[in-house]
Each structure stands twice: as structure tokens, then as C-alpha cells.
Amino acid sequence: MAKAALFALALFAAAPAQAAPQTPAPDQAPATIAIQEQGSDEVPPGAPTDDYGFVAWCYGALDESLSVYDVVLPDLKDIDARFGSPVKEATPYADDIVDEHKALKRFAAAMEAAERASPQPIAEHGVAAINLGRSIWDPAKAQPRRQLAHAWLMWGLPNRCESTAKTLKARATLLGQAMAIGAPKVEAPEHPAAPPAPPPPAATSPDAPTIDSLLDPDAGASTAKTKVKGDTAKPAQSGAGN
């Protein structure tokens, strides 16, 4: 069941009349929450204008809205029972709460990506922006719980929160990749020089025995005999014949 401003206004009109509130002192502003039209792409008054700070503001405002939901849930159930709704749920706005928890994770992921990619620490700025977003609920939380429930029904997260978080994360991711590419590379250790190739074997003389002949007993013997026979000089004539 999506929260709608028209539905909340109808609840205000149908709610029983209450005693007129006392006029606040001149230095005391009425305790109301700043209502922004749902679906607006404008930056709410007082919110940071930089992308990182604005996403942090959205995180704080939405996270506090979820805390308020836990407080006003009994009133939401009573309002749903009294005035009815075309959507029947065991717990009012349960699907919206699931979606808003997912949105919180997207905002947190965008902020974390920006913090990692930033050359300067920015987390402190993010914490301040988160607290600023939470603070928009302070005036409404000071009211009776029924009025706080009406304020919760009327408040909607600006569409700009989602689009800005998406842009912030994409830009931070690209910047982080560029920083990693530009970082000095670690030189790989040099490989030892390859040993020189052995020289080619010398040409075998025709008269030299081959390795095959040396391994073959018969062939080796024949070759050896031939070599001895051809190279041996004739024996000298004996002097007795003279």
C-alpha cells in the first residue's frame, strides 16, 4: 500500500475534531514536519546540495522514517481499520517498508563508493548530513503520536534521492577504477637469462666410426679391422735375407 498525500489528507478530514491548539509563543515555531510533494526532483530546503551530502541526508531522513514507523504502527493499524483501504495487508505498508530498507542499502553503497574514491576524507561530512536528515522528524516527534502518524503518512522521500545515489555510485566507481589504473605498477622480477644454445655437432669424418657402429659389435669390429689393415705399414724386411 503506497503512501499517498491525498489519502493522508482524507484521514485528516475524517479525524475527530480536537481542541484547538494553543497559539505558540512568538519565539516558538509550530512543530510540523516539512512536507515535500511526493515525486519531486527538487532538493528539499536545508538539505545539502552536493551529491554525496544529499544522499547522506536522504539516508538519515529515510532511516528515521523507518524508526517512526515502528512507533506509529498501532495508529496506522487503527486508521486502516477505521477508514479501510483497497489493499488488505496484515501489517499496514509492509511492502513499502521492505522497499525502503532496500533503498537504504542503495544509499549506503553509493556513499561508501564515494568515500573510497575521494582523495580526501569525507565521512565526517556524511555523518553530519545523515544527522541533518534525521532532524527533519524532530518537530513531528514532539507531537502526539496520532499526529506523528499523520506526518509519517504525508511524508515521502524525494525521487531525487534515488537518481542522485545512482549517479554518485556510478561516478565514484569510475573514479576509483581510474585511480587504480593510474597507480604505480609493481614490476615483475626479471627472469634469468636463458642459457646459450649448444653449438651444432661437428661434421663426422668419413673414416671416423659412427655411434651406430660403436654400439653394433659386428659392425664395429669390421670397421676397426679395415682401419687397421689400411693404416698399418708393411713390416720391415729382415736383414737375414740379404
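## Confidence of the model

Confidence in the chain is lowest in helix α1 (residues 5–14), at a mean of 40, and highest in α4, at 97. The structure is a predicted model, and its chain averages a pLDDT of 73, with 55% of the residues scoring at least 70.

Two stretches call for caution. Over residues 5–32, pLDDT stays under 50, and the model has 20 contacts beyond four places in sequence for this stretch. Residues 220–242 also have pLDDT under 50 throughout, with one contact beyond four places in sequence. Where pLDDT is low, the predicted coordinates should not be read in detail.

## Salt bridges between helices α2 and α4

Side chains of opposite charge can pair when their charged atoms come close. A search of the whole structure finds nine salt bridges. One of them joins the side chains of Asp63 and Arg134, with an N to O distance of 2.7 Å. Asp63 belongs to helix α2 (residues 51–83) and Arg134 to helix α4 (residues 123–135), so this pair links distant parts of the chain, 71 residues apart.

The two partners differ in their accessibility class. Asp63 has a relative accessibility of 19% and therefore counts as buried, the cut-off being under 20%. Arg134, at 25% relative accessibility, counts as partly exposed. Both residues also take part in a network of salt bridges that links Asp63, Glu64, Arg134 and Lys141.

## Asp75 and its two arginine partners

Asp75, in helix α2, forms a salt bridge with Arg145, in which the side chains meet at 2.4 Å, N to O. Arg145 lies in helix α6 (residues 145–154), so the pair ties together parts that are 70 residues apart in sequence.

The side chain of Asp75 also meets that of Arg146 in a salt bridge, here at 3.5 Å, N to O. This pair likewise links distant parts of the chain, with Asp75 in helix α2 and Arg146 in helix α6, 71 residues apart.

Asp75 is buried, because its relative accessible area is 8% and the class covers values under 20%. Its partners are placed in another class: Arg145 counts as partly exposed at 41% relative accessibility, and Arg146 is partly exposed with a relative accessible area of 21%.

## Summary of the contacts described

Helix α2 contributes Asp63 to the pair with Arg134 of helix α4. Helix α2 also contributes Asp75, which is paired with Arg145 of helix α6 and with Arg146 of helix α6.

Conventions:
Residues are numbered from 1 along each chain as its sequence is written. This is a predicted model: local features need pLDDT of at least 70, side-chain atom pairs count only at pLDDT 80 or more; totals for chains, interfaces and linings use all residues. Side-chain values use heavy atoms; hydrogens and water are left out. A salt bridge is a side-chain nitrogen of Lys or Arg within 4 Å of a carboxyl oxygen of Asp or Glu. Helices (H or I, at least four residues) and strands (E, at least two) are DSSP runs, numbered from the N terminus. Buried means under 20% relative accessible area, exposed over 50%, partly exposed in between (1.4 Å probe, protein chains only). pLDDT is the predictor's confidence in each residue, from 0 to 100. Contact means heavy atoms within 4.5 Å.
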